[in-house]
Amino acid sequence: MEALMASPVTMGEILLGKLIPYFFLGMGGMLLSVALAVWLFAVPLVGSFWVLLLCSSLFLLAALGMGLLISSAAHNQFVAGQIAIIVTFLPAFILSGFIFDIQSMPTAIQVITHIVAARYFVTILQTLFLAGDVWPVILWNSLALALMATFFLGVTLRRSRKRLD
């Protein structure tokens, strides 16, 4: 790490180096999941595959931006892992609408779901797989994911410094 900090690379290049491999791993996992859903389980993909690819990219950028922000704020890997489970995994699992319908949640919880990126991605997935390319739903939720990705990656870039603690 000391050699990396002493090198002439910028903080943006370091963050890109952390972001790109996980982005491609995430996209590979998404492609495998879609292939299994369509061919093994015969779940029809009614909407456009290319729209799914673009929306998945937006969701991954938002999720990876949040992960990079957590890792830049935490002082060690264990703390970062614990924060990530509490802040990302559990809310995404419970508040995304994947398991529990958001409309049946109390109003206060419904408001909280708006800060969970997975909420928007689950809505896009449900739309693309079940209804097709319903553009008002896709565009609104894609905009929310793009704003979250921009926010998390921007804050991470501003907060990250080349330093050894």
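# Notebook: a predicted seven-helix chain

**Entry 1: Asn141.** I started with Asn141, which is found in helix 7. The model is a predicted one, and I read every value below as computed from it. I looked up whether Asn141 is buried or exposed. Its relative accessible area is 5%, so Asn141 is buried. I then listed what Asn141 touches, leaving out residues up to four places away in sequence: Tyr120, Thr123 and Ile124.

**Entry 2: Ser142.** I moved on to Ser142, also a residue of helix 7, which covers residues 135–159. Ser142 has 11% relative accessibility and therefore counts as buried, the cut-off being under 20%. With neighbours within four places in sequence set aside, I found Ser142 in contact with Cys55, Leu58 and Ile124. Ile124 had come up for Asn141 too.

**Entry 3: helix 3 against helix 6.** Cys55 and Ile124 took me to the contact between helix 3 and helix 6, where both are listed. I noted the ranges as residues 49–73 for helix 3 and residues 117–131 for helix 6. Two packed helices are described by the angle between their axes and the distance between the axes. Here the axes come within 10 Å and cross at roughly 170°. Angles over 145 degrees count as roughly antiparallel, which is why I entered helix 3 as roughly antiparallel to helix 6. Which residues make the contact? From helix 3 I wrote down Val51, Leu52, Cys55, Ser56, Phe59 and Ala62. From helix 6 I wrote down Ala117, Ala118, Phe121, Ile124, Leu125, Leu128 and Phe129. Sorted by class, the contact of helix 3 with helix 6 has twelve nonpolar residues, one polar and no charged ones.

**Entry 4: helix 2 against helix 7.** Back at helix 7, I checked how helix 2, residues 11–40, packs on it. The two axes come within 9 Å and cross at roughly 130°. Helix 2 and helix 7 are therefore oblique to each other. I recorded the crossing of helix 2 past helix 7 as right-handed. On the helix 2 side I found Met11, Gly12, Leu15 and Leu19, and these meet Leu153, Thr156 and Leu157 of helix 7. The classes in the contact of helix 2 with helix 7 are five nonpolar, two polar and no charged residues.

**Entry 5: helix 2 by itself.** I compared the length of helix 2 with its expected span. At 1.5 Å a residue, its 30 residues should span 44 Å, and the end C-alpha atoms are 43 Å apart, so the two agree. I also listed the buried residues in helix 2: Met11, Ile14, Leu15, Leu19, Phe23, Met27, Met30, Val34 and Ala37. An α-helix has 3.6 residues a turn, so residues three or four places apart point the same way. Of the buried residues, I had already met Met11, Leu15 and Leu19 in the contact with helix 7.

**Entry 6: Ala42.** Just after helix 2 I came to Ala42, in the loop between helix 2 and helix 3. What is its phi? It is near 55°, a positive value in a residue other than glycine. Ala42 has a relative accessible area of 59% and is therefore exposed, the cut-off being over 50%.

**Entry 7: Val116.** I turned to Val116, in the loop between helix 5 (107–112) and helix 6. Val116 counts as buried because its relative accessibility is 9%. Its contacts, without neighbours within four places in sequence, are Pro91, Ala92, Leu95 and Met148. I also took one C-alpha distance: Val116 and His75 are 24 Å apart in space and 41 residues apart in sequence.

**Entry 8: Gly81.** Gly81 is found in helix 4, residues 77–95. Its relative accessible area is 29%, so I entered Gly81 as partly exposed. From Gly81 to Trp135 is 54 residues along the chain, and their C-alpha atoms are separated by 36 Å.

**Entry 9: the whole chain.** I left the overall figures for the end. How many helices and strands are there? I noted seven helices and zero strands, in the order α-α-α-α-α-α-α from the N terminus on. The C-alpha atoms fill a box of roughly 50 × 35 × 25 Å along the principal axes. Of the 165 residues in the chain, 35% are buried. Among contacts with a separation of 6 or more, 69% join residues 24 or more positions apart.

How values were computed. Residues are numbered from 1 along each chain as its sequence is written. This is a predicted model: local features need pLDDT of at least 70, side-chain atom pairs count only at pLDDT 80 or more; totals for chains, interfaces and linings use all residues. Side-chain values use heavy atoms; hydrogens and water are left out. Axes are lines fitted to C-alpha atoms, for helices over the stretch in contact, and angles run from 0 to 180 degrees between N-to-C directions. Helices (H or I, at least four residues) and strands (E, at least two) are DSSP runs, numbered from the N terminus. Angles under 35 degrees count as roughly parallel, over 145 as roughly antiparallel, 65 to 115 as roughly perpendicular and the rest as oblique. Contact means heavy atoms within 4.5 Å. Ala, Val, Leu, Ile, Met, Phe, Trp, Tyr, Cys and Pro count as nonpolar, Asp, Glu, Lys and Arg as charged, and the others, Gly among them, as polar. Buried means under 20% relative accessible area, exposed over 50%, partly exposed in between (1.4 Å probe, protein chains only). A crossing is left-handed if the near helix is turned anticlockwise from the far one by less than a right angle, and right-handed if clockwise. The expected span of a helix is 1.5 Å times one less than its number of residues.
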